[in-house]
Amino acid sequence: MYPRRGVLGKLGTHKVNIGRDGDDNKFIETALAGAANCVISEDKDLLVVKEYENIVIIKPAEFLKLLK
């Protein structure tokens, strides 16, 4: 079992406007608020961004490879 760790971030503190789909901005904003290292997604519009302010955007299979 992996250790659990959570971070309480205040939503609405970051506003971004990136990518092809404006609805995806909320995922990057949430990652910024929580000081996340990555966003795990299958969304093609989000995946084309690849990275934003040191937050990598990867597919679930790629993330699982990193855990090994």
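This report describes the fold, the sheet, the helices and some individual residues of a predicted protein model.

## Overall composition

The protein chain contains 3 helices and 3 strands, and, read from the N terminus on, these elements follow one another as α-β-α-β-β-α. Of the 68 residues in the protein chain, 26% are buried.

The accessible surface of the chain comes to about 5,500 Å², and carbon and sulfur atoms hold 53% of that surface. Among the contacts with a separation of 6 or more, 21% join residues that lie 24 or more positions apart.

## The sheet

The 3 strands form an open sheet, in which the order is β1-β3-β2 and the pairing is mixed. The edge strands of this sheet are β1 and β2, each of which pairs on one side only.

The mixed character can be followed strand by strand. β1 (38–40) pairs with β3 in the parallel sense over 3 bridges, and within this part of the sheet V39 has I57 of β3 as its bridge partner. On the other hand, β2 (51–52) pairs with β3 in the antiparallel sense over 2 bridges, and here Y52 has I55 of β3 as its bridge partner.

## The hairpin turn

β2 and β3 form a hairpin with 2 residues between them. E53 is found in the loop between these two strands, as is N54, which also lies in the loop between β2 and β3.

Both residues deserve a look at their backbone angles. E53 has a phi near 45°, which is a positive value in a residue other than glycine, while N54 has a phi near 70°, again a positive value in a residue other than glycine. As for their surroundings, E53 has a relative accessible area of 56% and therefore counts as exposed, the cut-off being over 50%. N54 has a relative accessible area of 65%, so that residue is exposed by the same cut-off of over 50%.

## Helix α1 and its packing

Helix α1 covers residues 25–33, and its buried residues are N25, I28, E29, A31, L32 and A33. The buried residues of this helix pack against several elements, namely β1 (38–40), α2 (44–47), β2 (51–52) and β3 (55–58). Just after α1, the backbone at A35 takes a positive phi of about 55°.

## A buried glutamate in α1

Which side chain of opposite charge is nearest to E29? E29, whose place is in helix α1, is buried yet has no salt bridge, and the nearest side chain of opposite charge is that of K15, 4.3 Å away. Because a salt bridge calls for a side-chain nitrogen of Lys or Arg within 4 Å of a carboxyl oxygen of Asp or Glu, the 4.3 Å between E29 and K15 does not qualify as one.

Once its neighbours within four places in sequence are left aside, E29 is in contact with H14, K15 and V16. K15 is thus named twice for this glutamate, as one of its contacts and as the nearest side chain of opposite charge.

## Helix α3 across the sheet

Helix α3 is made up of residues 60–67 and lies across β1 and β3. With respect to β3, helix α3 runs at about 120°. The two strands that α3 lies across, β1 and β3, are those that pair in the parallel sense.

Conventions:
Residues numbered from 1 in each chain as written. Predicted model: local features only at pLDDT ≥ 70, side-chain atom pairs only at ≥ 80, totals over all residues. Heavy atoms only, no water. Buried < 20%, exposed > 50% of the residue type's maximum accessible area, 1.4 Å probe, protein only. Helix = DSSP H or I, 4+ residues; strand = E, 2+ residues; numbered from the N terminus. Contact = heavy atoms within 4.5 Å. Pairing = 2+ DSSP bridges. Axes fitted to C-alpha atoms, helices over the stretch in contact; angles between N-to-C directions. Lys, Arg positive; Asp, Glu negative; His and termini not counted. Areas by Shrake-Rupley, 256 points an atom, 1.4 Å probe, with all protein chains shown as cover.
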